[in-house]
Amino acid sequence: MIAAVAGGVGGARMLRALCSVVDPAELTAVVNTGDDVVLHGLHVSPDVDTVVYTLGGAANPDTGWGRVGETWEAMAELRALSGGRLSWFNLGDRDLGTHLYRTARLAEGAGLGQVTAEIAARFGVATRVLPMSDDPVETRVTLAGGEEVGFQEYFVGRGHQVQVSAVRFAGVESARAGPGVLEALSEADAIVICPSNPVVSVAPVLAVPGVGEVVARRRERVVAVSPIIAGRALKGPADRLLAELGHEPSVVGIARLWSPWAATLVVDVADAGSAPAVEAAGVRCVVAPTVMSGPEESAGLARTVLRSGVAA
Ligand code: GDP
Ligand code: CA
């Protein structure tokens, strides 16, 4: 059994890659819910949905999030009615079905983990997709001017173009790990920290009481893949967020960040020169191609990751 900690797009791609080299039923994904947001009364779980859609072969391959073959009739109507005021967060018609279902089931008293299992089953996903917690945890971002906003307001509303001075995970202190999460991490032969945004996708998962502790206890079997390549994120604000919060936006910064939790870090061949500095941070460094540009490249990375983790 393999366990993996994942955020949205980068995490989902890593999970899909792992599924191409191991039995998907042998993989458990522990997914960030700090990005979850209630919009128009609907509970939206962006990272969980990205993982489920991707593993179910139903994700939009161009964006990495949302559904393939999506239509946008409801959004167009909402935009027309509100003059754009209420349509800043794009929810496609098919995607809305997921959020309607999740919201209805939560109102009936089902937990987020249970509802996620139901949605994953509809997409034929054999991998267990576990939200990090059934309890609400809200990633909140303090902007350089001092104003604090919700994660989606920062990421989507402001297009992550504003400077950030702090990030916190509201509610995390009292959140309990989701059903099955601690067991999966305790029993896994290897734990993969996916190349997701370290600050806003991986950190909230590790901040859930018990989760970070189990991962740290199993450090020798934990392999992280750097989302930073040659000092840059492939997509999104991970590089800027690291720098703004005082971390070096490099594989060395990632090694320092994950050293309490991961014994091994896989860095891209572009960062081969930084291997000694990664090792100086107390983390074994594996150099390999890490850009998941296609199925072959992705499978190659997955094999590297599993070799590095299980052999440890
Ligand atoms: P989000 O939830 O949609 O923001 O997605 P993630 O939390 O997964 O974060 C995106 C991160 O994944 C960025 O920092 C990217 O650099 C990283 N990423 C995406 N694709 C790849 C890839 O193929 N290889 C590596 N190494 N990192 C990737
Ligand atoms: Ca996310």
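**Reading the sheet, the calcium site and the cysteines**

Q: What makes the strand order of the open sheet readable, and how does the pairing run?
A: In this predicted model, an open sheet of seven strands follows the order β5-β2-β1-β9-β10-β13-β14, with parallel pairing. Strands are DSSP E runs of at least two residues, and helices are H or I runs of at least four, numbered from the N terminus. Two strands pair if DSSP finds at least two bridges between them.

Q: Why are β5 and β14 called edge strands?
A: β5 (128–131) and β14 (284–288) each pair on one side only. From one strand to the next, the twist averages 20°.

Q: How do you know that β10 and β13 pair?
A: Three bridges join β10 (residues 222–225) and β13 (residues 264–268) in the parallel sense, against a requirement of at least two. V223 stands opposite T264 in β13.

Q: What makes D35 and D47 donors of the calcium ion (ligand 2)?
A: The donor atoms, D35 (OD), D47 (OD) and D47 (OD), lie 2.1 to 2.7 Å from the ion. Donors are N, O and S atoms within 2.8 Å of the metal, or 3.2 Å for Na, K and Ca; water is not among the atoms, so sites may look incomplete. D35 lies in the loop between β2 (27–31) and β3 (37–39), and D47 in helix α2 (residues 46–55), so the pair ties together parts that are 12 residues apart in sequence. Both D35 and D47 are buried.

Q: Why is C19 called buried?
A: Its relative accessibility is 18%, and buried means under 20% relative accessible area, with exposed over 50% and partly exposed in between (1.4 Å probe, protein chains only). C285, at 13%, is buried as well.

Q: Why do C19 and C285 form no disulfide?
A: A disulfide is a pair of cysteine sulfur atoms within 2.5 Å. The closest cysteine sulfur to that of C19 is in C194, 10 Å away and too far for a bond. For C285 the closest is also in C194, at 18 Å, again too far. A search of the whole structure finds zero disulfides.

Q: What makes helix α8 mostly covered?
A: Nine of the 10 residues of α8 (residues 198–207) are buried, among them P198, V200 and L206.

On conventions, residues are numbered from 1 along each chain as its sequence is written, and chains are lettered from A and ligands numbered from 1 in the order in which they are written. Local features need pLDDT of at least 70, side-chain atom pairs count only at pLDDT 80 or more, and totals for chains, interfaces and linings use all residues, while side-chain values use heavy atoms, with hydrogens and water left out.

Technical notes: Axes fitted to C-alpha atoms, helices over the stretch in contact; angles between N-to-C directions.
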